[in-house]
Amino acid sequence: MSELKPHSQAVPAAVVFTNYSFAYAGSDRPVLHDVSFTLAPGSFTVLCGPTGSGKSTLLRALKPEVAVEGTAAGSLAILGDDPADLDPRRSAARTGFVMQDPENQLVTDTVWHELAFGLENLGVEREEMRRRVAETAHFFGIGGWFERKVKDLSGGQKQLLNLAAVVVMQPQVLVLDEPTSQLDPIAAKSFFDVLGRVNAELGITVVIIEHRLEDVLPMADRVLYLVDGGLAFNGTVSGFIAYLIGEQDPFAAALPAATRIAQLTGYTGADQPVTVREGRAFLAQVLAEVPALAPAENGSAPGPAAGEVALRASDLWFRYDRSSPFVLRGVDVEVRFGRIHALVGGNGSGKSTLLGALAGVRKPERGKVRKAGRAKVALLAQDPKSLFVCDTLFDDLMEWQEYGGYGEAQVKAVMERFGLERLGGRHPYDLSGGETQKAALAKVLLLKPDVLLMDEPVKGIDAVTKRDVAQILKELAASGTAILFTAHDLEFVSQVADVCSMMFGCEITCTEGCHAFFTDNLFYSTATSRIARRLLPGCVTTQDVGRALRERGAIPATAADAEAAGEGLR
């Protein structure tokens, strides 16, 4: 048998950026500058960085159809070709793009047609199309809802359908811009499970922007870290962890709970724990070296004392029309002054509808909503762009000055508080997802509401900014404001909320103090709680773990104190 010879032509890199810079149209200030990196075929790369660092702009450059308008310098290539030189057919075969909002990418009315739509536009033969659609539906496990209407799917199913509709066109590079930011925790994990299979079993190169590093770092073989439009780090997951720790970068707050727990102990090994399993093994080893003690009482500080009821809903029933099923079924909830109340649950469980009813935007079919006296109620909707109507961010923040009784000084102060001072002249729609979220919250807070209702207020925001938002909410509650918000980010909820309610089947199934809620739950809980379960009972946050380890003498007091100061939330 003749000897096998190596292929005469080397496989080109999947993605190459060379000294790439970019400035938005009408601006001479680059949002990206001198970015250079190379990604191998079949790799899984996480692109992360603070809000507004240029991540989405960089990613969208790989897909001209969704690229931001502006002026670019330098070069980029996908499998050896400039994306701008590819016709639509070759572009679809080279690069697939999955957006943040599932609704923005769905274009047909049924699941099967959504899978076939891209192939129809590429002119794929009918038999080939049927074969591709069938095997893709099997791979993604969506055969059971193949005939369903898209509008009847949950948020997680819609995003999974978006991914399938891209993969059916067999792209070689898959680009995803925060694909799980609007998914509940369980739907997000299901999405990541499938995405891992797409990468591992199909060999498709994956480049993803994601704030849930807890979920994606274990799958990644490369991390790109952007800061102020420049590439601050390009390397392995372990190298990225070492970089953040060595630089004492505040972005280390985004690292997985297992890694942050290891840092509490001063661990400096290269094999930092990343997953819950690794975190449990590490914590068990730490505790094995400490004399056994009786389980310590949980040391979490209690929330503020309950104030008077600010807003109360009694037996709320709501449906969007007489022929539709009820979206709220006999819901009872109360929001108190000085308390932060979180509302969690799956996509489609009724959380946003309940906020709308409490704010007076939705009129319930049965039941009542009562508020205390002349309390001013403000609602931050899930789509922050719905608040913006002016051509510049500064003008938009000034829009409600007569009603809110504030002026330019207050607007400038809140812009500085949220890190928006350099964006006052930009159109609100030109902001990044995280910047838009911060700007919307800033606009609502200018009204100084007595009751603040927020639908996913930290969606698309990095870990450092989440800490800032959490501190602001704590300060508002301390001043007497009643706060109710929905969130899929359970880590954030555990750090800021006093009370948690879970919605399921359009009803509130339980309401508990935040700490008891996360301690009792198995799935709707934090990674820290899963790591510490039965090892350090009652620990929900890394601060809890630090306190418990300190009480057992496993770490010096200064380590736990440093963690508490870093979280700055309780």
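The legends below describe close-up views of salt bridges and of one pocket in a predicted model.

**View 1. Salt bridge between E201 and R197 within helix α6.** The predicted structure holds 22 salt bridges, and this view is centred on the one formed by the side chains of E201 and R197. The N to O distance in this pair is 3.0 Å. Both residues belong to helix α6, which covers residues 185-202. They are four residues apart, about one turn of the helix. R197 has a relative accessible area of 33% and is therefore classed as partly exposed.

**View 2. Salt bridge between R319 and E365, linking distant parts of the chain.** The closest N and O atoms of R319 and E365 are 3.0 Å apart. The two residues are separated by 46 residues along the chain, and each lies in a loop. R319 is found in the loop between β10 (309-318) and β11 (328-336). E365 is located in the loop between α11 (351-359) and β13 (366-371). With a relative accessible area of 30%, E365 is partly exposed.

**View 3. Salt bridge between the buried residues D544 and R547 in helix α20.** The side chains of D544 and R547 meet at an N to O distance of 3.4 Å. Helix α20 spans residues 542-551 and contains both partners, three residues apart, about one turn of the helix. Buried residues are those under 20% relative accessible area. D544, at 4%, therefore counts as buried, and R547, at 15%, is likewise buried.

**View 4. Network of salt bridges joining E128, R131, R132 and E135.** These four residues are connected into one network through salt bridges that share partners.

**View 5. Lining of the second largest pocket.** The volume of the second largest pocket is about 820 Å³. Its lining comprises 39 residues, and those nearest the centre of the pocket are R212, K466, D489, L490 and E491. Two or more lining residues come from each of the elements α6, α7 (213-216), α16 (463-478), α17 (490-496) and α19 (527-532). Among these elements, α17 makes the greatest contribution to the lining, with four residues.

**View 6. Residue classes in the lining of the second largest pocket.** The lining of the second largest pocket includes 16 nonpolar residues and 15 charged residues. A further eight lining residues are polar. Helix α6, which holds the salt bridge partners E201 and R197, is one of the elements that give two or more residues to this lining.

Note on methods. Residues are numbered from 1 along each chain as its sequence is written. This is a predicted model: local features need pLDDT of at least 70, side-chain atom pairs count only at pLDDT 80 or more; totals for chains, interfaces and linings use all residues. Side-chain values use heavy atoms; hydrogens and water are left out. Buried means under 20% relative accessible area, exposed over 50%, partly exposed in between (1.4 Å probe, protein chains only). On a 1 Å grid over the protein atoms alone, a cavity is a set of points where a 1.4 Å probe fits but cannot get out, and a pocket is an open set with protein on both sides within 12 Å along at least five of seven lines; lining residues have an atom within 4 Å of a point. Grid points are joined across faces, edges and corners, and a volume is the space filled by probe spheres set on the points. Ala, Val, Leu, Ile, Met, Phe, Trp, Tyr, Cys and Pro count as nonpolar, Asp, Glu, Lys and Arg as charged, and the others, Gly among them, as polar.
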